[in-house]
Amino acid sequence: MNRRTTSTLASAIAMGLGLALAGCSSGSGPELKVSGAFMPQPVSDMAGGFLTVTNSGDTADKLTSVTSSLSDDVQIHETKNQKMQQVKSFDIPAGGELDLERGGSHIMFMGIKKQPKQGEKVDIELHFEKADPIKVQLPVEAQTHNPTKH
């Protein structure tokens, strides 16, 4: 091959690769961001976690599980008729959000391994049906902490 053929071939490969990569991102899918994360300082061997997952993408997703070194048994709960119950997943609508807040849906840490104190942070990882996992730090707040939505 001469230099011109090699250059033309390299350009064609680069252009094809660029088009292939552009094609991968044409449908944005779920685009998730976490905000407002916190954990009230626990008073027993259980703890709650609260946060908001915002989906600015064009595809709905589901929060399917949460893992943490604080507990080997981290569950996701909803509160209905003033009763907590474990659920398999939470929907995160396209262009919407999932609010995990006091008195409603939340993360529940069962049998925690240590008592985190106010000012510390607890590492968790959120797992989704479609999106990649997201690592989050939950700042430990006062037991009565309850932020207001703006």
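Let me start with a salt bridge: Glu125 pairs with Lys135, and the closest N and O atoms are 3.6 Å apart. The two residues sit in distant parts of the chain, Glu125 in strand β9, residues 121-128, and Lys135 in strand β10, residues 134-141, ten residues apart. This is a predicted model, so please keep that in mind for everything that follows.

How exposed is Lys135? Its relative accessibility is 69%, and anything over 50% counts as exposed, so Lys135 is exposed.

Why would two such side chains pair at all? Side chains of opposite charge can pair when their charged atoms come close.

How many salt bridges does the structure hold? There are five. I will go through two more of them.

One is between Lys62 and Asp91, with 2.6 Å between the closest N and O atoms. Lys62 belongs to strand β3, residues 61-68, and Asp91 belongs to strand β6, residues 90-92, so this pair ties together parts that are 29 residues apart in sequence. Lys62 has a relative accessibility of 26%, which makes it partly exposed.

The other joins the side chains of Glu120 and Lys114, at 3.3 Å from N to O. Glu120 is partly exposed, at 33% relative accessible area. Lys114 is also partly exposed, with a value of 48%.

Now the overall layout. The chain has one helix and ten strands. Reading along the sequence, you meet the helix and then the strands, in the pattern α-β-β-β-β-β-β-β-β-β-β. The chain has 150 residues, and 35% of them are buried. If you take the contacts with a separation of 6 or more, residues 24 or more positions apart account for 71% of them.

Next, strand β2, residues 47-55. Is this strand mostly buried or exposed? Eight of its nine residues are buried, so β2 is largely enclosed by the rest of the structure.

Which strands does β2 pair with? I have three to show you, beginning with β1, then β8, then β7.

Strand β1 covers residues 32-40, and it runs antiparallel to β2, with five bridges joining the two. A hairpin of six residues connects β1 to β2. If you want to find the pairing on the screen, look for Phe38, whose bridge partner in β2 is Phe50.

Strand β8, residues 106-110, is also antiparallel to β2, and here there are three bridges. To locate that pairing, take Gly48, which has Met108 in β8 as its bridge partner.

Strand β7, residues 97-100, pairs with β2 over four bridges, again in the antiparallel sense. The residue to look for is Thr52, which stands opposite Asp99 in β7.

Back to β1 for a moment, since it has a pairing with β10 as well. That pairing is parallel, over two bridges. Pro40 has Glu141 in β10 as its bridge partner. Strand β10 is also where we found Lys135 at the start.

Now the empty space. Rolling a probe the size of a water molecule over the atoms shows where empty space is left. I will describe the second largest pocket, which has a volume of about 180 Å³.

Which residues line the second largest pocket? They are Pro40, Gln41, Pro42, Val43, Ser44, Met46, Ala47, Gly48, Phe50, Arg102, Met108 and Gln143. By type, that is seven nonpolar residues, four polar and one charged. The element that gives the most to this lining is β2, with three residues. Some names should be familiar by now: the lining includes Pro40, Gly48, Phe50 and Met108, and Phe50 is the partner of Phe38, while Met108 is the partner of Gly48.

Last item: Gly111. Where is Gly111 found? It is in the loop between β8 and β9. Its relative accessible area is 43%, so Gly111 counts as partly exposed.

What does Gly111 touch, once residues up to four places away in sequence are set aside? The answer is Asp45, Met46, Leu70 and Ser71. Met46 is also one of the residues lining the second largest pocket. Gly111 and Asp73 are 38 residues apart in sequence, and their C-alpha atoms are 7.0 Å apart in space.

That is what I have. To recap two points: the structure holds five salt bridges, and strand β2 has eight of its nine residues buried.

Terms used. Residues numbered from 1 in each chain as written. Predicted model: local features only at pLDDT ≥ 70, side-chain atom pairs only at ≥ 80, totals over all residues. Heavy atoms only, no water. Buried < 20%, exposed > 50% of the residue type's maximum accessible area, 1.4 Å probe, protein only. Pairing = 2+ DSSP bridges. Salt bridge = Lys/Arg side-chain N within 4 Å of Asp/Glu carboxyl O. 1 Å grid on protein atoms, 1.4 Å probe; cavity = no way out; pocket = protein on both sides within 12 Å on 5 of 7 lines; lining within 4 Å. Points joined across faces, edges and corners; volume = space filled by probe spheres on them. Nonpolar A, V, L, I, M, F, W, Y, C, P; charged D, E, K, R; others polar. Contact = heavy atoms within 4.5 Å.
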